[in-house]
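Let's walk through this model together, one region at a time. Have the sequence and the 3D view open side by side as you read.

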Amino acid sequence: MEKQNFWKISEPLETTLCRRVSQLRRLRNLTLEEVSERTNFTVARLEDIEAGLETWLSATDRQKLARALTVDPPVLQEVEVKPRLEPSADPKRWQAILDDLTESILLGARELSCPQCGNTLRCRVQEGLDINENPIFFAKAFCQKCPFTLK
Ligand SMILES: [Zn+2]
């Protein structure tokens, strides 16, 4: 049986998934088409990964891509970033997340995590009066680490 050849990497590895994948592909002298054949990913998907649009991989996909690039899966995993939702990426889902946060805050939750960066949100309920002078409650939250606010 042929010994698996995990070639030495001759330069410091890039620190983001997109740049590391593209770097490894170059070091291995592989075209996008060749990686596509080895992984069964489409070339378009590989381009997305190298453009930084896909920032993390499922365990199965990671294994396929790592094998294609002849590295161990953790070499990819260590630079993966779990996506945080951008409002413009999926407005419907974003609104659902905001509604859910609002409801949780009004129900008394105070330890919620920011949908954009994952850090703890500062949450509070603000009281007000509607036009008929009935008390109404507003959920407010802001993130201490990123520009996210709920108001
Ligand atoms: Zn945040």
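Against which helices do the buried residues of helix 2 pack? They pack against helix 1, helix 3 and helix 4, where contact means heavy atoms within 4.5 Å. Before going further, a word on what you are looking at: this is a predicted model, in which local features need pLDDT of at least 70 and side-chain atom pairs count only at pLDDT 80 or more, while totals for chains, interfaces and linings use all residues. Residues are numbered from 1 along each chain as its sequence is written, and side-chain values use heavy atoms, with hydrogens and water left out.

Back to helix 2 (helices are DSSP runs of H or I with at least four residues, strands are runs of E with at least two, and both are numbered from the N terminus). Its buried residues are Leu32, Val35, Ser36 and Thr39; buried means under 20% relative accessible area, exposed over 50%, and partly exposed in between, with a 1.4 Å probe and protein chains only. Seen down the axis of helix 2, these residues fall within an arc of 105 degrees, so they line one face of the helix; the arc is that of the directions from the helix axis to the C-beta atoms. An α-helix has 3.6 residues a turn, so residues three or four places apart point the same way. After helix 2 comes Asn40, with a positive phi near 70 degrees.

Val35 also belongs to the largest nonpolar core, which has 18 residues. Such a core is a set of buried Ala, Val, Leu, Ile, Met, Phe, Trp, Tyr and Cys residues joined through side-chain atoms within 4.5 Å. Val21, Val35, Ile49, Leu65, Leu69, Val71 and Leu76 touch the most other members. Helix 1 (17-27), helix 2 (32-39), helix 3 (43-50), helix 4 (59-68) and helix 5 (73-77) each give two or more residues to this core. Apart from it lies another core, of 15 residues, including Trp94, Leu98, Ile105 and Cys143.

Charged pairs come next. The whole structure holds seven salt bridges, each a side-chain nitrogen of Lys or Arg within 4 Å of a carboxyl oxygen of Asp or Glu. In one of them, Glu50 meets Arg25, with the closest N and O atoms 2.6 Å apart. Glu50 lies in helix 3 and Arg25 in helix 1, so the pair ties together parts that are 25 residues apart in sequence. Both Glu50 and Arg25 are buried. Asp61 and Arg45 form another salt bridge, at 2.9 Å from N to O. Here Asp61 lies in helix 4 and Arg45 in helix 3, so this pair links parts 16 residues apart in sequence. Salt bridges that share partners join Arg45, Glu54 and Asp61 into one network.

Now turn to the sheet. Three strands form an open, antiparallel sheet in the order 1-2-3, where two strands pair if DSSP finds at least two bridges between them. Strand 1 (121-129) and strand 3 (149-150) are the edges, each pairing on one side only. Nine bridges join strand 1 to strand 2, with Glu127 partnered by Phe137. Two bridges join strand 2 (residues 135-143) to strand 3; Ala141 stands opposite Leu150. Finally, helix 6 (residues 91-106) lies across strand 1, strand 2 and strand 3.

Definitions and conventions
Axes fitted to C-alpha atoms, helices over the stretch in contact; angles between N-to-C directions.
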